[in-house]
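Please follow the structure below through two places where its parts come together, starting with a pair of helices and then turning to a pair of domains.

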Amino acid sequence: MILENLKTGEGTSLGIDIGSTTAKIVVIENGSVIYERYERHFSQVRQKALEMIQEIRPLLEGKTFSAAISGSAGLGVAKAADVLFVQEVFAEGEIVKQAEPDTNVVVELGGEDAKVIFFKGGLDERMNGSCAGGTGAFIDQMATLLNVTTQELDELSLKSRQLYPIASRCGVFAKTDIQPLLNQGAAKADIAASIYQAVVNQTIAGLAQGRRIDGKVMFLGGPLYYCKGLRRRFVETLQLTEENAVFPAYALYAVAIGAAVYAAREQKMTDYETLVARLEASANQPRETTVSEPLFASKEEYEAFAARHAKATVRQVSADGYTGKAWLGIDCGSTTTKVVLINENNEIIYQYYCSSQGSPVEIVRDQLKEIYRMCGVSITLAGSAVTGYGEDLIRHAFHVDDGLVETMAHFTAARHFNPKVDFILDIGGQDIKCFRVHNDSIDSIMLNEACSSGCGSFIETFAKSMGYDVETFSKLGLFAKAPVDLGSRCTVFMNSSVKQAQKDGASIEDISAGLSMSIVKNAIYKVIRAPSADDLGQQIVVQGGTFLNDAVLRSFERVLGRDVIRPEIAGLMGAFGAALYARAQSERRGTPSQIITREALEHFTHKSTAAKCNGCENHCSLTINIFPGGERYISGNRCEKALGAQGRVEELPNLHEFKRARIEALQPGEAVRGTIGLPLALGMYEQIPLWHTFFTRLGYRVEISGFSNRELYSKGQYSIPSDTACYPAKIMHGHMETLIEKGVDAIFYPCLTYNVDEKISDNHYNCPVVAYYSELLRGNMESLQHVNFLSPYLNLNNTGELAKEMHRYLKKYLCDIPLSQVRAAAEAGMQAYHAWMEDICREGQRAIEWARENGKRILILAGRPYHIDPEISHGIDKLCTSLGFVTITEDSIAMQPDPVRVHVLNQWTYHARLYNAAQYAAEHDDTELVQLVSFGCGIDAITTDEVREILESHNKLYTQIKIDEITNLGAVRIRLRSLLGALEERGMQHGRTSDKRG
Amino acid sequence: MAGHPTNAAKEAERVIFTKEMKQTHTILVPTMLPVHFKLLIKIFETYGYKVELLENKGKPVRDKGLKYVHNDTCYPAQLVIGQMIDALESGKYDRNKVALLITQTGGGCRASNYIHLLRKAMKKAGYGDIPVISFNVAGLEKNPGFQVSLPMIMQLLHAVLYGDLFMLIGNQCRPYELHPGDTDKLIDTWVQKLCRQLSHGRHTKKMVQENYRAILNDFAAIPRSKEKKVRVGIVGEIFVKFSPLGNNDLEQFLLSEGAEPVMPGLMDFLLMKLYDKVVEFKMYRLHPAKAAGAKIIYDVMLKRQLEYIEAIKSHGVFDAPTPFERIKALRHGLISMGVKMGEGWLLPAEMLELVESGVKNIVCAQPFGCLPNHIVGKGMMKPIKEMHPDVNIVAIDYDMGATAINQENRIKLMLANARGRL
């Protein structure tokens, strides 16, 4: 018996808990649990509930008993069947209070929900917000990605040696982090443990929100019951002793038992026949979910559609009997590996498509063996090229002749297919890529941001979780009568939309069709953001494995209201493009292919180990791949330092680096009056010369918290109240903790509604987060209660008033300093600030001149002052210089005599600079702009469109990079290389070797 | 380098709502507070405008929002713009004789940019020639054909207070009415009556007082049960807080769960925005003349609010709201008045006001990723709970992708706890 001595009194009571993926049922008799059962419901919520009750007919028949339903998917059932409903966290709290009264905190992870209940010091129950990714479902999804069962994942995790940082916010982010690790050959055991750690971090950061999880902690729910590795990560992270970490035998059933206890108390009685009759009736009730038109009205309509698309083919011929040259294209994508071999007529003589089973190197090795076997003596491998996430790794491993960025590969393929193509949309396993083609070159590239990827592999995981393979699942949707409207945001939201649909009793068919529609809407509205088909183009080619799914293709045409072309080889286009590219390159060079020989392939080995680079403050996690003959390939690095001296390239001017060096050079003065701490985050990044000078002048030793890093962030993670705020804000908590540790007399971070008026905009606000974060810190950081935290409201545009206010404020909270002294300090501070800003402009000018003298491209890596932080921007500036760009900041170029005119209210100081910087890039052929956007920055939803418009109105490319806690530099590299590729292509189109220098 | 057009040029590009248009054009107004807005519109009509309140909702509105507005922009912008474009596309209006009206708050929050996002969206949808009127108190954009005079402002104030009154006592009656529908029927009757009155020109102080009394008497006469119900306060970002379109009919949901919604009025928000001019002068010595002007109107508004509160108090049947000056005082020790963006300091002050009037359960509603609410909403929950350990606050995010079930589940959890304490 899993639990007894419950205070339910005499009699029988039934508790049902219907969660997002499973249903649980318990029967309690005279205070003891006499029956329990746990089953996946595969979205058949009502039928499953009914079945499970019918199974225990002998236990219930002939009795009068009380019953209650609980759980996130249980509400609809309860309503429809008129059974008592109890909120699941409430139910769980009830049971814990009875069974384990000295529990301090309960942590429960379910299929998609995470909950933390605090019992001591005021009952407080928290559930994951709409952004926090699922947990059980997340683990399932990650296991699929690693191609192991959840049980194997757990076993693997126990053997880990090292933890990699994996984003803890939502599943999609995590996936983006895991994929490169896999591609780089990191050990599965380490990845498995890191996945669990991500779940732990998410629970702590997302739910505890400033309250510490300590004392006696009880862990409930499926994942925590089954996954030993997850338990271990929780216990270690929370530093729990053995007696304080409780893993009860009824972990799976706490909610169901709670529901039964609640039912017993409420005494709403029923009997077996009534209950079953009501549930049966409920299964036939009308639905409330919003539904869309069916994809196809009839079988005939589908057949016409299929016939139209069947015309879009590429000739595929047998290799038998062919003698001559062949070119190899490999597309080592995020979730799939594709290989294509073409003959002299550009016909496909060999093709291969499979899910990457975690190790792309092995797949490609086997494929090469196969190709060599097939080629025999009559076919010569004349050239080879590789594209995709695994490009570098595969290229090094097998000495592939050429590498190209995947956008260029897809373009090459699409153009071969339809020379007039003007828009390409590729939806792959986890990325959406699309680009417009203008004047025969790529005009603008859009990639999905980390929050909305998921795409193809999402359907796959979903299909599996419902017990189908992806093909069957998708086909089900084709003739769905009432597709469910599931929204168009990230997959996490879709999960809960599905939950809602399940609640309303939607069928698998309707959900499948709904998912296809969501993916399409995601691509069109979220990534491309096009209001109509005309905004995309006339000749649209769609490709990528996801479009092989007819339901997705149909939804796309439906939403656009236009027919598109889907090549039959939609899933192979990257590899096909690479093969064409290989051919062009090898014919241009006229030399034989350098690819690994048949003999060498026989002895090919591959080993990988993990290491950490200590070259700079980024401390990149490196993966060192070792190939035959001791040849090494290092991945995971942002810059060339990890590669040692031989890999070093010339150092190009980098304004980000310049600004950092200036900050690092600041010296703390003498502590005559005491010490003041300045957190180097948000607005302080720019105001540091002002406040450093001000306080040094007044006789304070100024301690700066320094640049951010992961450890600093985790230090403050516990007190973040809003997990959807931007990373630059959240990292502020760590800076405060750092200063507190340093033992300063006071910490200073002012509240500034208005920033400095630079006369380039209509108004000069700060964003609400930069302006008022002090208020949040004061209210949420317990450690601040013992520190003198100074956060006056100031106006920086009137030095006299500024001095008066600082004098008044310091007198009240710190020290009575004569006004004359404060005024002198304020004036000196403002002077230092302006001199600093001028220096940046001057240095920017120098960098531009240097670039022009040396024939280098200039890149404005634009963002906010705090984007120079190595942890916030993840060293993207270094990546830019390593790709050959002279890199400058937006503020170094923003002071243009005529401010640019924009279509929005230009009312923020930082953002006005962006517009001017964009205008500069728009007017100079040798200057590009890449905009860094922090995830969660609401204001950038406005600025990005404007910046894009400024650039595109001058025929320039717009590139946006979204950054967060963890950013996959691989994806950033693709964007920057695509930009470079497009620039080169344009240069060639226009008969220039490179852009003309302005 | 080509010279850039100046801001004056940008201003010229805007489609102006001319004096002539006042006669010919119908102004479409998005819904936020159904009852308030009906009365407000009546006043505009009295002053010669043709105005229509948009009541279209549901999937088409959401779809248009998604289609024409940046998906990372706040949810209210997506809904409001979606509603307007959906209305234009409905074919109900002569596109040459229609204009749109949208409020512009003019603060550091991105909400000040709604009007520009609306214009962008209209351009994309092919309606770039339709005038968009900014309704603002910050003096941002002006239109010769749309001018709000001082007497009109006073009339509008009355309408706001009437609206607040219906919302206040409506919420106190509806959960307890013995005949379902009584309260809403009475509100309808009164709105019609008031509309007639308002269209007859001047609305004197005496008339207002008489109306207050008559309204209170009529509502007090609704047969109600004495049952004790959980009272749930609603605070949040202004649109999502008030608009049923924005908050998935939150009031209705609370009612269906057997709770009594308590919604702080619109007047406090207007007072806060107006008083901010005074704060800016006190704190930063900015715009003395504006501050002085604002103070005069503020004092008048404050007086009207006090009369309104007094009317409810002296009538004695319903719980009266808290005067603004008291709400202002409540924020001491929690947050500075310098926090002005979005709902600013008022939001946490309203939570404290609710607690003070015995409402211990609070829903804090905001659009997903709302910037000011990181600070004034979610950022203030912990300190407020420390001041009042018995208070139960739940933050609910609203956006296109969030489903009602997640939101409702969290509210249900709050209610389950609250019932345990009743």
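In this predicted model, helix H34 of chain A, which spans residues 909-923, packs with helix H35 of chain A, residues 940-952, at an angle of about 20°, and their axes are 8 Å apart. Because angles under 35 degrees count as roughly parallel, H34(A) is described as roughly parallel to H35(A). The crossing of these two helices, H34(A) and H35(A), is right-handed.

As for the residues that make this contact, H34(A) contributes A:His911, A:Leu914, A:Tyr915, A:Ala918, A:Gln919, A:Ala921 and A:Ala922, which meet A:Thr943, A:Glu946, A:Val947, A:Ile950 and A:Leu951 of H35(A). Sorted by class, the residues of the contact between H34(A) and H35(A) comprise 8 nonpolar, 3 polar and 1 charged.

The second place is in chain B, where the domain assignment gives domain 1, covering 12-146, and domain 2, made up of 228-265 + 321-421. Between the C-alpha centres of domain 1 and domain 2 of chain B there is a distance of 28 Å, and the contact between the two draws 15 residues from domain 1 of chain B and 17 residues from domain 2 of chain B.

On the side of domain 1 of chain B that touches domain 2 of chain B, the elements giving two or more residues are helix H4 (59-68) and helix H5 (75-89) of chain B, and the largest share of that side, 4 residues, comes from H5(B). By class, this same side of domain 1 of chain B holds 8 nonpolar, 4 polar and 3 charged residues.

How values were computed
Residues numbered from 1 in each chain as written. Chains lettered and ligands numbered in written order. Predicted model: local features only at pLDDT ≥ 70, side-chain atom pairs only at ≥ 80, totals over all residues. Axes fitted to C-alpha atoms, helices over the stretch in contact; angles between N-to-C directions. Parallel < 35°, antiparallel > 145°, perpendicular 65-115°, else oblique. Left-handed = near helix turned anticlockwise from the far one by under 90°. Contact = placed C-beta atoms within 7 Å. Nonpolar A, V, L, I, M, F, W, Y, C, P; charged D, E, K, R; others polar. Domains from an automatic or database assignment.
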